[in-house]
Structures are given as structure tokens and as C-alpha cells.
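This report looks at how one strand is placed among its neighbours, and then at charged pairs and a nonpolar patch on the surface.

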Amino acid sequence: MVTKVDLCGIEIDNPIIPASGTFGFGYEFAELYDINILGTFSFKGTTKDPRFGNPTPRIAECTAGMINAVGLQNPGVDRVIDEELPKLAKCFHKPVMANVSGFSVEDYAYTCERLDKEAQVGWLEVNVSCPNVHGGGMSFGTDPKAAAEVTRAVKAVTTKPVILKLSPNVTNIVEIAKACEDAGADGISLINTLLGMRIDLRRKKPVIANVMGGFSGPAIFPVALRMVYQVASAVSVPIIGMGGVSTADDVIEMMLAGATAVEVGAANLVDPFACKDIIDSLPEAMQKYGINNLNEIIGGAQNG
């Protein structure tokens, strides 16, 4: 059975990719199992400068999912390069996906240019869709012109594949994806979290200090699948599908909708072995559905 796929010119052993913000910088999970079984993983969202993140509480539980408003807490790109990547190199021997956020076009370009020079980095996943941070992220991802501007700025200073990670909190996801493709994006990641909130009935106030946060988990899978399907029918670059994926069956469904690779997010926070279990069960799922080569099913539902 063939599980290898080509993601923007780089072959990966399987399409399973832990999503940014749910897998740290990898070495934490390497204490539990050999993370080299992964296709790759997207490391913790990185910004130009260090960020403490949003005030606590940052997490709220909800039916079939969770809401988080961590706020891109990270040590900044300099420390990621100087401290985190050397630690990662000791336990992960494949190209890694660098996830980048910013609060201006210049921020994105600076951080991507720095990470592009790192030998370990195979892809740059540019997050224009974080709904948790005031004054940035979401505003770029909700405007086709702004998303295209970020894409062009990053492509001008990098040599590695650039994948734009899009927000579902829009009325026309296809318009934004096409704008990114036209501006030079090598791939599209979708979806990031939906925007949600919970209210504490005893305190009669929002559970999360930031009021709202990113809603993720199995409940959003149908929305994610729909958006992957829509975008896959409109662009020619590879798509990384994500949103509520927790089983090998979900992976196959995402690929049939048009995804070349699939990120697993909230499931890692529930069970740190989630990605390992999906990879282990993928051959059995392929056999169950008569699939010999995953490449042959990418977008298979588009015509039927």
C-alpha cells in the first residue's frame, strides 16, 4: 500500500501532520514515541518577537470540542532558531513545517525570511487566520487583498514552499484561497479554528478571559470538509485539510474532498498518541475501502 504523498515538491511518508499549537516543537512528544513516523509536523506558531499570550483562563470545554485563546504564546523567532530547532534536530530527522504569524506584512516577511534559511525547515505555513489575537491574524485572512499581500511579501524573501493557512470565519473561502494562489502560494491549509465562546452560568460571565476563542474538535469536521472540497475545486495547488480530524477514516474523507495531506489538531490535546494511532490504523482503513494508493483518491469525491 502506498501512503507516501508529494506535498509541494517534498515527499512525505504519509499524509499525517500534527497541527501547529497542538504538538509544541516536537521533542515533548518524542518522549512518548518515535515522531519520525509522522509525515511531518507543524511546529508552534512563531512570531517575530516573543509573546506571553492572552490572560487566563484560556481554555473552555464544549460539546465535541474545545475553545482556546492562547494568543500565540511563543519565545520569538530568534529563540526558536537558537534553542528550539537544535533540540528538535536531535529527535526529528525529516523536514519540519514552520508555522508563522504576524501583526504586519513586514512581520510575516521578516520571520519567514529567517526561518527559510534553516535547513530543518521544509515548508512555511503562514497563518493569516488566528482569531485570538487583537489587531492581527484574522484581519489578514478575511480580506483577499490583504491575504494576497502577505503571500507576495513572504514569497519575495523565501525559497521554500509557502502554504497559506486560512480562516473559516469568512463568507467566501474560495475567493481568499484563489487570491493567495494568484499571489504565488504553493499550497493552502484550511481550516483554522472557528470563532466561539462559552458563558459560566454561575458567574454569568464568559469562561475565557479573552471572551472568545478558537473552536476546534470533532464538531467542526463537516465545516472543514466542506471548505476543503470547495477550495480544492477552485485551486490547483496542494491543500492541507484540517479541522476535527481524529481517525484514519477522517483522513481518507479529507483526501477524497481534495486534501493532499491532513493535519490533526485538537485530538493531540485529548490523546498524545492520536497521530501515531491514526498512522498505525491507516493501512487497515485503506484496505477496508479498497484503496491501494492514497494519491489516487485525492479529490476523488469531486466528480461524484
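In this predicted model, strand β3 (residues 16-18) runs parallel to β15 and is joined to it by three bridges, with Ile 16 standing opposite Val 262 in β15. Strand β14 (residues 239-241) also runs parallel to β15, through two bridges, and Gly 241 has Val 262 as its bridge partner there. Between β14 and β15 the chain passes through helix α8 (residues 248-257), and this β-α-β crossover is right-handed. Within β15 (residues 261-264), Ala 261 and Glu 263 point one way while Val 262 and Val 264 point the other way, and all are buried. In a regular strand the side chains alternate between the two faces of the sheet.

The whole structure holds nine salt bridges, among them the following.

| Pair | Closest N to O distance |
|---|---|
| Lys 4 and Asp 13 | 2.8 Å |
| Lys 94 and Asp 13 | 2.8 Å |
| Asp 78 and Arg 114 | 2.4 Å |

Lys 94 lies in the loop between α2 (77-89) and β6 (96-100) and Asp 13 in the loop between β2 (10-12) and β3, so this pair ties together parts that are 81 residues apart in sequence. Asp 78 in helix α2 and Arg 114 in helix α3 (residues 105-116) likewise tie together parts that are 36 residues apart in sequence. Through shared partners, salt bridges join Lys 4, Asp 13 and Lys 94 into one network, in which Asp 13 is partly exposed at 32% relative accessibility and Lys 4 is partly exposed at 37%.

Elsewhere, Leu 195, Met 197, Ile 199, Leu 201, Val 211 and Met 212 make a nonpolar surface patch of about 540 Å². Val 211 is placed in the loop between β12 (205-206) and β13 (213-216), and its relative accessible area of 32% makes Val 211 partly exposed.

Technical notes
Residues are numbered from 1 along each chain as its sequence is written. This is a predicted model: local features need pLDDT of at least 70, side-chain atom pairs count only at pLDDT 80 or more; totals for chains, interfaces and linings use all residues. Side-chain values use heavy atoms; hydrogens and water are left out. Patches are made of residues with over 30% relative accessible area and no salt bridge: like charges are joined within 9 Å, nonpolar side chains (Val, Leu, Ile, Met, Phe, Trp, Tyr) within 5 Å. Accessible areas come from the Shrake-Rupley method with a 1.4 Å probe; for residues, only the protein chains shown count as cover. A salt bridge is a side-chain nitrogen of Lys or Arg within 4 Å of a carboxyl oxygen of Asp or Glu. Helices (H or I, at least four residues) and strands (E, at least two) are DSSP runs, numbered from the N terminus. Buried means under 20% relative accessible area, exposed over 50%, partly exposed in between (1.4 Å probe, protein chains only). Two strands pair if DSSP finds at least two bridges between them. A crossover is right-handed if, with the strands pointing away from the viewer, the path from the first strand over the helix to the second runs clockwise.
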